[in-house]
Number of protein chains: 2
Amino acid sequence: MLKSIQESPLYRIANPRSIAFFGASNNIFAMGTNLLISLKALGFDGSIYPVHPEEDHVQGLKAYRSVLDLPVAADMAVVALPARIVSQILDECGKKGIKHAIVVSGGFKEVGGQGIELEKELVEIANKYRIRLLGPNCIGVANPPHKLNTTLLPYQGPPGFIGMASQSGSFITQMFHYLSGFGLGFSTAFSVGNEANIDIIDCIEYLGACPFTKVIALYIEGIRRGRVFVETARIIVPHKPIVAFYAGGSETGKRAGFSHTGALAGPDPLYEGMFRQSGVIRARSVTELFDFCWVLGTQPRPKGRRVAIQTHSGGPGAEAADACGRVGFDLPALSLETLDKLAPFVPKTSRLNNPVDLTFIKNHLDYFSNIPRILMEESNIDILLIYVLMLQQAVKRALEAMGVPKEQEAEKMSDLIDAQCQSIFRLFETHDKPLVGYTYQSFHEELIQGLLDRGVPVFPGPERAAHALAALAEYAKLHEGTKSNNESESLKIEAPQPHE
Amino acid sequence: MLKSIQESPLYRIANPRSIAFFGASNNIFAMGTNLLISLKALGFDGSIYPVHPEEDHVQGLKAYRSVLDLPVAADMAVVALPARIVSQILDECGKKGIKHAIVVSGGFKEVGGQGIELEKELVEIANKYRIRLLGPNCIGVANPPHKLNTTLLPYQGPPGFIGMASQSGSFITQMFHYLSGFGLGFSTAFSVGNEANIDIIDCIEYLGACPFTKVIALYIEGIRRGRVFVETARIIVPHKPIVAFYAGGSETGKRAGFSHTGALAGPDPLYEGMFRQSGVIRARSVTELFDFCWVLGTQPRPKGRRVAIQTHSGGPGAEAADACGRVGFDLPALSLETLDKLAPFVPKTSRLNNPVDLTFIKNHLDYFSNIPRILMEESNIDILLIYVLMLQQAVKRALEAMGVPKEQEAEKMSDLIDAQCQSIFRLFETHDKPLVGYTYQSFHEELIQGLLDRGVPVFPGPERAAHALAALAEYAKLHEGTKSNNESESLKIEAPQPHE
């Protein structure tokens, strides 16, 4: 294991102070050009040295005819050039003293034939100069706290807490937008490509040591060093959860993965065993992968599997109860003490139970304040699952009852929604229990955005919420008594500075 | 079975020419008031007669002190009054000659005790006057082709093809917005409540005969007339698919359903058997319920289980391959003929396979035109699953290459996206095969909206797409050789007019 993150071969790849850039030009059609656009768009504040055989300037930056002409040995090279010339370029990088590289270029082992030879040659040159290399056939790295993004698409949203290592570049670069829609983002994300030199296990080690990473996500098509994977993961997971999606789980998935990165997928039970031995939580889709990360990265560990469901109406409550039952959660009856505390908020004829059906709640504003607070206080309950629905009509009525004039309605509505979100958020501080929402409303609604902004996961439908909570409960059970990194160390460590 | 839809006890409930409305007032806090707001919002063009003991006008409509004062015996009564006076009101309706009613009021069997007595009394009065009654404890009916919506929330979007019968009112009224986000909507939707008189089977019969309904969705907490359910469904499903979500599938779900509508849920295998015997397709969540309806209502029946996956990049292809494998789909190799046809669109070094990975496609505009056309023509393939991603950068580059000036870019981009959607849409006309998309992009993107508007289902992630396609394939296999209503009769039948 790494003693510090600086020891990782990926440290200078994820945190370079300077980059030699091969393949970027002023031609918008070139892959390399688009990678450089992404890099500049995030505001990378280290030095960028484009290397181009003909141009004097590339995208406004001074260009160099050869890497040998660079004023310094850059911390890292990014290479997006045709496969047949990559080895020669890497050789020159070696001569210059560059020790780290991302090879984006495809056309190596994954295409078979001559590609296999080209990859061997590349590895030999890397070894000769002790260059540590990510790729080839990868999309590079996104490390938003360091303002680094060498991938195809511009990074979106603020940095997040998900550290990812992926055998597909798409699940890095094409997920920026997807994650930002849920208020999520990457701490650092690696596309590993063919893993000719650095592999996914090196990435896991880096992410294990990364202070911005609260949870590690893996997209796997095949693991080569199975034993080392298990050993490495075992050390990390008690302090930082690892979630994996294995695309080779079915026969068709296995074949698809092989033709993609040439990864040799094993039979599903082999991977199932590896994950179980190492304490890695398995997701069954990429959607689940990020769902699990979301809850694991934001919620405290539950003490058990007893859930209270809070709902506006019977159907969504029954659906959630069914979903919870399927993943092995209990829905215990509420204590008399809790029922007494809830009584003032509903008509006398209401018979409250679990799910707590609040169809006849007296004041809709209690739904996100007093009610969940009381439920969080219930000692029979480990987890709270809330149906998120705010009927604008009902809120308007509440405002009217409060004597708010019509012209102030919109502003008051915003204030009120904000206060409700804040009230939910505060429950985390006072109660060490997970709280997750589910909804069928649009994620563009102010209420839902307000919850997401405060790190309250809200899922489209209860079954995704139940599965994610089950992953959290499984993790909590496996690592009872251990301390999470998130609790033990401050996350306010300064981002590594480019010119430190 | 019904000989015609007019025979159904629900015909005048879903298609009333006039409504006597009890419980609506000028007080915005009253439930009935909000139901009347919904009704008026959709532009119901029959007569509405509010009955109110004190008001002369209710929401601008002339009000009547008693139902006996109405100028006609309205086709239907909507009753949203306290449970204790509902029987008396229904008695007066009977005297007036009203033969149909929706009783929204709760406080009957579902609360136990005195409520059970109140419900018995209600049924007796209904029987006495031969009144057919939906509810009590229901949210009523939405029949958008008839501009009828008696539910709590205003209807959103255009009418759709999903006919629904639900033992939860929420899954009618709170789904308007959800469905419209996917370009979907209800043909007619019934909230059945306690089923004191009309039950969910009556609704299924109505929807089976309804010309606007292409597929029937059921939310079930418990079925009382099990044998009749099986008999009724068996007759309908060969021509019109029925999809059901049973909330009592788990122990916790069963208990929740019971306290909601007092429905007696049976053990899960009993329901599993009922669904299998009747050919009803089972969904495992409300999300799946509508997913299945979406594909069953828009896509032709596949001839088999052989899928081609078209993707922009390896990872999403491998994930989809895995998802397809899990539901038992095959991913056959493409024929040499198809590979020959695809060759001009990719570089010579590309090795195409299934998933068809188009990372190195020459012209991104072929992705939604020539490529899927060729794949639809492949005789080894029954179903096409497409990863939907349009890289704005790539499209901009294509436009630039076409010589489009910068100021015309936005407009051209719109035209181009429209043309791409149209091209996908046209494939249905020329090829009798299902085509479904999956994506991680936002559903607010123009491209995805364009596909949804044309009835091309696009799912967030491949696993939902695969499950929905599996439901379609299962349905096609079960009913091979039968003709669907959608094919055999025109859907352009006029909506029943209020004053016909």
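This passage describes strands, helices, ring pairs and a few unusual backbone sites in a predicted model.

A good place to start is the sheet of chain B. Its 7 strands form an open sheet in the order 9-8-11-10-12-13-14, and the pairing is mixed. Strand 9 (148-149) and strand 14 (281-283) of chain B occupy the edges; each has a single partner strand, so one side of each is left without a neighbour in the sheet. Further in, strand 12 (residues 215-220) and strand 13 (residues 242-246) of chain B run parallel to each other and are joined by 5 bridges. Within this pairing, B:Ala217 has B:Val243 of strand 13 as its bridge partner.

Helices from both chains pack against these strands. Helix 12 (residues 314-326) of chain A touches strand 12, strand 13 and strand 14 of chain B, and its direction makes about 75° with that of strand 13 of chain B. From chain B itself comes helix 7 (residues 200-209), which lies across strand 8 (140-143), strand 10 (162-166), strand 11 (186-191), strand 12 and strand 13. Helix 7 of chain B runs at about 170° to strand 12 of chain B.

B:Phe171 offers a helpful view of how the two chains meet. This residue belongs to helix 5 (residues 170-173) of chain B and is buried, with a relative accessible area of 0%. Leaving aside residues up to four places away in sequence, B:Phe171 touches A:Gly315, A:Pro316, A:Glu319 and A:Tyr440 from chain A, together with B:Met164, B:Ser166, B:Phe186, B:Tyr219, B:Val286 and B:Phe290 from chain B. B:Met31, by contrast, is 140 residues from B:Phe171 in sequence and 18 Å from it in space, C-alpha to C-alpha.

Aromatic side chains supply another set of contacts. A pair of aromatic rings is described by the distance of the centres and the angle of the planes. Over all chains, the count comes to 38 aromatic pairs. One of them joins B:Tyr246 and B:Tyr271, whose ring centres are 3.8 Å apart and whose planes meet at 10°, so the pair is stacked. Because B:Tyr246 lies in strand 13 and B:Tyr271 in helix 10 (residues 268-278) of chain B, the pair ties together parts that are 25 residues apart in sequence. Both partners are buried: B:Tyr246 has a relative accessibility of 0%, and B:Tyr271 has one of 2%. In chain A, lysines are found over aromatic rings. A:Lys62 lies over the face of A:Tyr64, 4.8 Å from the ring centre, and A:Lys214 lies over the face of A:Phe161 at 5.7 Å.

Chain A also contains well-covered elements. Helix 11 (residues 286-298) of chain A has 13 residues, which at 1.5 Å a residue should span 18 Å; its end C-alpha atoms are 18 Å apart, in agreement with that value. Of these 13 residues, 12 are buried, including A:Glu288, A:Asp291, A:Phe292 and A:Trp294.

Strand 17 (residues 383-387) of chain A has 5 of its 5 residues buried, so the strand is largely enclosed by the rest of the structure. In a regular strand the side chains alternate between the two faces of the sheet. In strand 17 of chain A, A:Ile383, A:Leu385 and A:Tyr387 are buried on one side, while A:Leu384 and A:Ile386 are buried on the other. Strand 15 (residues 307-311) of chain A runs parallel to strand 17, joined to it by 4 bridges, with A:Val307 opposite A:Ile383. Strand 18 (residues 435-439) of chain A also pairs with strand 17 in the parallel sense over 4 bridges, and here A:Leu384 stands opposite A:Leu435.

Finally, some loops of chain B show backbone features that are worth a look. The peptide bond joining B:Gly135 and B:Pro136 is cis, with omega about -5°; B:Pro136 sits in the loop between strand 7 (132-134) and strand 8 of chain B. Another cis bond leads from B:Asn354 to B:Pro355, with omega near 5°, and B:Pro355 is in the loop between helix 13 (336-342) and strand 16 (356-357) of chain B. Positive phi values occur at B:Gln59, about 50°, and at B:Glu195, about 55°, although neither is a glycine. B:Gln59 lies in the loop between strand 3 (57-58) and strand 4 (61-62) of chain B and is buried at 19% relative accessible area. B:Glu195, in the loop between strand 11 and helix 7 of chain B, is buried at 9%.

Technical notes. Residues numbered from 1 in each chain as written. Chains lettered and ligands numbered in written order. Predicted model: local features only at pLDDT ≥ 70, side-chain atom pairs only at ≥ 80, totals over all residues. Heavy atoms only, no water. Pairing = 2+ DSSP bridges. Contact = heavy atoms within 4.5 Å. Axes fitted to C-alpha atoms, helices over the stretch in contact; angles between N-to-C directions. Phe/Tyr/Trp six-rings, centres within 6.5 Å; stacked < 30°, edge-to-face > 60°. Buried < 20%, exposed > 50% of the residue type's maximum accessible area, 1.4 Å probe, protein only. Lys NZ or Arg CZ within 6 Å of the ring centre and 35° of its normal. Expected span 1.5 Å × (residues − 1).
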